[in-house]
Amino acid sequence: MLSIKQLNLQQIKEVHQSYLVNDFPKEEQKPYELIESLVNKSVYICYGLYNEETLVAYAFFCKDTDSNCILLDFLAVLGEYRSYGYGSKFLMQMKQELTEYDGIIFEVESGMSAKNVEDKLNCDRRIEFYHRNGVRDTNNYCLFFGVDMIIMYMPLQKDFDDDTIGEALDHIYHIMYTEEVYSANIKLRKVIK
């Protein structure tokens with residue numbers, strides 16, 4: 001039986017040290033101390049997907065205090081549980097769990113900065129995974145610590161226009177990072193379609 005549980009700080013630290021540091025490229029990781037600080041400010045929330053008592057996936061989110069959107073900061077299925085549909089099940093259960101929010105913003109590596117064909121194919125598969133699970137494209141993009149990201153959105157209570165989504169994401173970045181870190185490493189842009 002699958003269930004979602006909100007993680008406490010000790011569980012977040014364990015997930016960060018045991019999984020997150022291996023599941024994401026170094027340039028995308030956040031130090032645990034930053035995550036702990038954001039949790040203590042009540043702007044960061046973390047969940048685990050459990051099969052009985054076994055953790056099979058995790059998701060970390062940062063809240064926008066202005067627009068009531070939430071940014072999916074990290075989502076991963078643990079290695080031995082991949083390819084069994086847990087990612088899709090987790091997203092569907094998160095839609096039920098996060099009903100107090102207007103929508104979820106996603107940063108997804110575009111593949112433009114992929115180092116090789118295999119990395120580009122992985123990016124394409126990740127984008128298609130989100131499309132299959134009700135996440136839509138926006139015209140917002142971000143160069144995030146040197147990685148090209150497309151910005152996607154899943155409406156929960158409201159389907160905002162792309163400008164509002166971009167503004168919410170910009171606000172979330174300012175919550176998570178100092179002005180110095182933001183200006184040196186984050187470049188939001190919009191592409192007119």
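**Pocket, sheet and overall build**

Visitor: Which helices and strands each supply at least two residues of the lining of the largest pocket?
Guide: Helices (DSSP H or I runs of at least four residues) and strands (E runs of at least two) are numbered from the N terminus. A pocket is an open set of points on a 1 Å grid over the protein atoms alone, with protein on both sides within 12 Å along at least five of seven lines; a 1.4 Å probe fits there, and lining residues have an atom within 4 Å of a point. Here the ones you're after are strand 4 (69-77), helix 3 (86-97), strand 5 (103-109), helix 4 (117-132) and strand 7 (147-155).

Visitor: What kind of model is this?
Guide: Residues are numbered from 1 along each chain as its sequence is written, and side-chain values use heavy atoms, with hydrogens and water left out. Local features need pLDDT of at least 70, side-chain atom pairs count only at pLDDT 80 or more, and totals for chains, interfaces and linings use all residues, since the model is predicted.

Visitor: Which element gives the largest share of the lining of the largest pocket?
Guide: Look for the element with 8 residues in that lining. The largest share comes from helix 4.

Visitor: How many helices and strands does the protein have?
Guide: Walk along from the N terminus and you meet β-α-α-β-β-β-α-β-α-β-β-α-α-β. The tally is 6 helices and 8 strands.

Visitor: In what order do the strands lie in the open sheet?
Guide: Strands pair if DSSP finds at least two bridges between them. The pairing is mixed in this sheet of 8 strands. Follow them across and you get 1-2-3-4-5-7-6-8.

Visitor: Why is one side of strand 1 and of strand 8 left without a neighbour in the sheet?
Guide: Strand 1 (2-6) and strand 8 (186-190) stand at the edges. So one side of each stays free of a sheet neighbour, because each has a single partner strand.

Visitor: What is the bridge partner of Cys 46 in strand 3?
Guide: Strand 2 (44-51) and strand 3 (54-63) run antiparallel, joined by 8 bridges. On strand 3, the partner of Cys 46 is Phe 60.

Visitor: What is the radius of gyration of the protein?
Guide: The C-alpha atoms fill a box of roughly 45 × 40 × 35 Å along the principal axes. The radius is taken over C-alpha atoms, and the globule rule is 2.2 Å times the number of residues to the power 0.38. With 193 residues, a compact globule would come out near 16 Å, and the protein agrees, with 16 Å.
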